[in-house]
Structure formats: C-alpha cells, structure tokens
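Subject: Structure handover

Hi,

Here is the structure I promised to pass on. Please open it next to this email, and then read on for what I found.

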Amino acid sequence: TGVQTCALPIFIVLLLVGITLCHVEQPFITKEHVEQVKLESEFETFSFEEHPFKNYSEQRIKSLLGTIIPANPEEVPYGEINVSLPKSFDSRVTFKDCVHPIRDQRACGSCWAFGASEVLSDRFCIASKGQINTVLSPQDMVSCDKNDMGCNGGWLNHAWSYLQTTGIVSDECLPYTSGNGDSGVCPSSDFLRHTCPNGKAFRKYKVSSFKRYATITAIKTELMTNGPIETGFTVYADFMSYKGGVYKRKSSQIMGGHAIKVVGWGVDTDGTEYWIAANSWNTGWGEKGFFRIAFGQCSFESQMYAGVPVLTSEELFLQ
C-alpha cells in the first residue's frame, strides 16, 4: 500500500514534466533550415552562424511581422506604360537627406505602423523641401490606433485612415517602447492637453488624403514625384534568411503578412525588374536593412499606400 501511495505523486510529477517539455518552443531557424534555403535560393543567404534570427522559434519569427493581408490580394497590372519613366530610381539618392535610417520593430507585430510612420516621415521632409526633417512615432499608432491591434497586427488602410483623421506625433515626443511585445497605453490625457509625455512641443503630423496605387506605372510615378510608399506582402520562410541580391521566393511555407517602406526600383543584370525597400528589422538583416524583391513576388504590389502631408501655411511659405 505504501508503494502504491508513493507511486501516484511520482506519476503526476513525470506527467507534468512531460507536458512542460511538450510546450517548449522548438527552434525554427536551424542549421538544417538555413542550409536548405541556401540550396534552393537564387539570392544570397545568411550562414547559420551569422543569421540574425538563428534559433528563433516559429512564434518569435511571426512576432517580427504583423500586417493583415487580404485573402485574395489583387494582381497589379502595368497599366499604361509611361516611356518617360527611367529603368531605375532610388529615393535614397534623389531625396537623399529625407529618407530616414532603418529602424527595428523588435518582438512586436507593429510593421504596419513602422511602414506608415516611416513613409510619412520621409514625405513630410520631401514636401517641405527639408524644412520638416522629423522621425515620426510608430508608437503613437501602436498604442492609440484602436482600429488596429497594436503588437498583434494591423491593416494598412486603417493605418492611413488614422494618419488622416488623427495624425501622429514625433518619435521624440513618444518614443518606441513596444519592442517587448507590449502595445502600451495611449497617453490620452497628455495628448488631450496637447503636451508630449516628455514635455516636448506637441504636434500631430497628418495627411490630407491617402490612396492605394493600383498599377505599376502609378506606383513608379508616385515614388518619383512624392517619395516612398508603404506596402504589405506575404512573407515566406526563406525571406527570413535573405542577405542580398534580388529576392524570388522558393519556399511554400507562409509565415505571415509584413509591411515595409518602398524607396525605389531597378533592373537586375538578367533583366529582372525589382523593388527596393526598407525593412524594420535593424541593419543586421538584408542589405544593411534594405532588400530588393522581384516584381510580382508575394503580392508585393497589391497594397501600395501613401498620403499627402498637411503642411502649415508657414511651411508652405518657406518653399
């Protein structure tokens, strides 16, 4: 009887240990995974040793994403070909002082807010001819845009609607604090008094209107004329290992939706047209934080959004 009495607690302990072990998240980015991607891909990939996401679990990988992609994204046609458009264009050259540095969303599905705030930051600088060279706050959108879900993701059209109706403050006014996955609380009482939480000067940066650009020609023309555009696209497993070159997916495993800032386009030596984009995974990933992706990949062109910055009369006068 004594043996039987002792056996029950031991069994329960072993069962609990087994359950705990089952819940330990297994690494998604393994040496085997990286070697397989390298074998299949045409673009340059990271080795496992240098991989910025080595040993990340699948859940942690997905925390780097966060844009909600429509179930059936539209195919984007070329539209009327504009022969005056160049074969390549780079906002980092044309609008050199207005394309702001690569950022890092970290473990929060806030790419939708980063892409939108970064595009608007650049566009305010371009529209004001350098008079407003301010990095804007993705945290404002993550914490305060109630039509999106903070670190749990968002829609690009909702993000741009928020920029039109409410606007966002500067990054200095409301710095990014959600890198640990916590969306934070909107400092509404401070905002209602029109003061930044840190006491800095308050201003909401808005757009008067926004739209989705529905043809390749329209996208290119807008990029050249008014600056970067935000887009959302489907991320496949091999994209995580991208180090350089022109990305063309080989993987069939979908990781989620992601939003970034499109800054230009070009043509590869084999004639492949590609977009140039700024990611929000810091400078240790890709081409110092940027990447190139072939036209038509991963529904990349289906959600191209941008808006028109609202400048004050003084800022318009300075031009």
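How many bridges join β4 to strand β7, and do the two run parallel or antiparallel? Eight bridges join them, and they run antiparallel. You can check one pair yourself: isoleucine 229 has valine 262 in β7 as its bridge partner. One warning before you go further: this is a predicted model.

Stay with β4 for a moment. The strand covers residues 229-236, and eight of the eight are buried, so the rest of the structure largely encloses it. In a regular strand, side chains alternate between the two faces of the sheet.

**The overall picture**

The protein has 319 residues, and 50% of them count as buried. Its secondary structure comes to 10 helices and 10 strands. Now take the contacts between residues at least 6 apart in sequence: 75% of these join residues at least 24 apart. The accessible surface is about 15300 Å². Carbon and sulfur atoms account for 54% of that surface.

**Two cores**

The largest nonpolar core has 54 residues. Phe53, Trp275, Phe291 and Phe300 have the most contacts inside it. Several elements each supply at least two residues of this core, including α5, α9, β4 and β7. β6, β8 and β9 do so too. Another core lies apart from it, with 28 residues. Among them are Phe114, Ile132, Met141 and Cys186.

**Helix α2**

Which residues of helix α2 are buried? They are His33, Val34 and Val37. Seen down the helix axis, these buried residues fall within an arc of 95°, so they line one face of α2. The general rule helps here. An α-helix has 3.6 residues a turn, so residues three or four places apart point the same way.

The buried residues of α2 pack against β1. On the other side of the helix, Glu32, Glu35, Lys38 and Leu39 are exposed.

Look at histidine 33 more closely. Why does it count as buried? Its relative accessible area is 17%, and the cut-off for buried is under 20%. Leaving aside neighbours within four places in sequence, histidine 33 is in contact with Phe28, Ala237 and Ser241.

**Disulfides**

How many disulfides does the structure hold? It holds four. Number the bonded cysteines in sequence order, and the pairing reads 1-3, 2-5, 4-7, 6-8. Here are three of the links, one by one.

- Cysteine 98 and cysteine 125: the sulfur atoms are 2.1 Å apart. The torsion about the S-S bond is about -60°, so this disulfide is left-handed. Cysteine 98 lies in the loop between α4 and α5, and cysteine 125 in helix α5, so the pair ties together parts that are 27 residues apart in sequence. Cysteine 98 and cysteine 125 are both buried.
- Cysteine 144 and cysteine 186: the S to S distance is 2.1 Å. With 95° about the S-S bond, the link is right-handed. Cysteine 144 is in helix α6, while cysteine 186 is in the loop between α7 and α8. The pair links distant parts of the chain, 42 residues apart. Cysteine 144 counts as buried, at 9% relative accessibility.
- Cysteine 173 and cysteine 196: the sulfur atoms are 2.0 Å apart. With -110° about the S-S bond, the link is left-handed. Cysteine 173 sits in the loop between α7 and α8, and cysteine 196 in the loop between α8 and β3. The two are 23 residues apart. Cysteine 173 and cysteine 196 are both buried.

What about cysteine 111? Cysteine 111 is in no disulfide. The nearest cysteine sulfur is that of cysteine 108, 8.9 Å away. Cysteine 111 is buried, with a relative accessible area of 0%. Cysteine 298 counts as buried as well, at 8% relative accessibility.

**Where to start**

Begin with β4 and β7, and follow the eight bridges between them. Then turn to α2 and find its buried residues, His33, Val34 and Val37. Finish with the four disulfides.

Best wishes

Conventions:
Residues numbered from 1 in each chain as written. Predicted model: local features only at pLDDT ≥ 70, side-chain atom pairs only at ≥ 80, totals over all residues. Heavy atoms only, no water. Buried < 20%, exposed > 50% of the residue type's maximum accessible area, 1.4 Å probe, protein only. Helix = DSSP H or I, 4+ residues; strand = E, 2+ residues; numbered from the N terminus. Pairing = 2+ DSSP bridges. Contact = heavy atoms within 4.5 Å. Areas by Shrake-Rupley, 256 points an atom, 1.4 Å probe, with all protein chains shown as cover. Arc of directions from axis to C-beta. Core = buried A, V, L, I, M, F, W, Y, C linked by side-chain atoms within 4.5 Å. Disulfide = S-S within 2.5 Å.
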